[in-house]
Amino acid sequence: MIDLRSDTVTRPSEAMRAAMARAEVGDDVYGEDPTVRQLEERVAATLGHEAALFTPTGSMANVLAVALVVAPGQEVLCEARAHIARAELGAHGAVSGLTMRTWSHPRGQVDLPAIEDLFAPDLGPFFVRTAAISVENTHNFAGGAVLPLADLKVLRAFADAQGAAIHLDGARIWNAHVATGVAFEEYGAVADVVGVCLSKGLGAPVGSLLVGPADLVTEARVRRKRLGGGMRQVGVLAAAGLHALDHHIERLADDHAHARLLADACGVDPATVDTNIVAFDRPDAVAFVAAAREAGVLVGAVGARTVRLVTHLDISRADADAAAKVLAAI
Ligand SMILES: Cc1ncc(COP(=O)(O)O)c(C=O)c1O
């Protein structure tokens, strides 16, 4: 089976496992795991922020991050297919007590006029106050689309003028960096709080981080424990993340090339594929997925009419060529 369902399906390489086995560890709830500290400091510095917090999942990083800047009874604005809106199972409402309103863009982009229309300043007892705007870069359900830095800077200026915060869901910020060459600090500078994942394209088995100002990250450390996310000798997992940062960022360019090749085979213009995700509409999406499985290729349906393919570390050029033949025939 060639598995293109997600970039989360990778298995840790021998070299990654060796790094995990060698990791120095301690009790991280006591702040005594040196490998976790190293990872947190490195990721914070990479994004040009003061501090970071290791979390078991990207969802937990996002839930904590958004709640640091949006109080119960306030709202966050985001694109309609954002992961925080669609795929975190309502946690932002159920756990954090905040609400969301969304704008729609076919490529998941910042739509400033729509955001300006939605934005609600503090009007006392009349409307829910917009406390933050969330953006996703790259945008998963919009086919791995990159959000241009120029748009993010315009959004930053708008948020500053309104006194609102920006949350960046940067689960795949690594892919955006490799696709555009934009420095991580530049992406970091447009956001108050950021979530990043090590367990997607970077190929670690587990692990995400919330990044932001030191005082907010200190508060997030308390809230993480409250949610049951305090972990102990978790340096074995942080070591996988450090290995991924050292060895698996630049190679994402291969995943992007493989995605364009698969897009071409599926009748999608490769020029519209920014990174490692190809999403396209087919009225028979479910039947397409079943036919591909029958022929040895696993792909996903992320809506009744949308097929999604994701390339990753465990897909070689030969796998991509073989999958392209199968999908083109279907
Ligand atoms: C854009 C985005 N953000 C956050 C997440 C959440 O990550 P996790 O599955 O680790 O909770 C995902 C997962 O696929 C994602 O695609």
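The paragraphs below lead from the confidence of the model to its ligand site, then to one helix and one loop residue.

This is a predicted model, in which local features need a pLDDT of at least 70 and side-chain atom pairs count only at pLDDT 80 or more, while totals for chains, interfaces and linings use all residues. Residues are numbered from 1 along each chain as its sequence is written, and side-chain values use heavy atoms, with hydrogens and water left out. The protein chain averages a pLDDT of 97, and 100% of the residues score at least 70, where pLDDT is the predictor's confidence in each residue, from 0 to 100.

Around the ligand (a residue counts if one of its heavy atoms lies within 4 Å) stand residues including Thr-57, Gly-58, Asn-62, His-83 and Arg-172. Helix α3 (residues 58–69) gives the most to this shell, with three residues. An oxygen atom of the ligand is 2.6 Å from an N or O atom in the side chain of Ser-59, and a nitrogen atom of the ligand is 2.7 Å from an N or O atom in the side chain of Asp-169. Taken alone the ligand exposes 390 Å², of which the protein buries 84%, as computed by the Shrake-Rupley method with a 1.4 Å probe.

In helix α12 (residues 252–265), the buried residues (under 20% relative accessible area, 1.4 Å probe, protein chains only) include Leu-252, His-256 and Ala-259. Their cover includes α8 (173–180) and α14 (317–329), and just after α12, Gly-267 takes a positive phi of about 80°.

Asp-27, in the loop between α1 (14–22) and α2 (34–46), is likewise buried, with a relative accessible area of 15%.

Technical notes: Helices (H or I, at least four residues) and strands (E, at least two) are DSSP runs, numbered from the N terminus. The expected span of a helix is 1.5 Å times one less than its number of residues. Buried means under 20% relative accessible area, exposed over 50%, partly exposed in between (1.4 Å probe, protein chains only). Contact means heavy atoms within 4.5 Å. A polar contact is a pair of N or O atoms within 3.5 Å; within protein, one must be able to donate a hydrogen and the other to accept it, and residues adjacent in sequence count only if both atoms are side-chain atoms.
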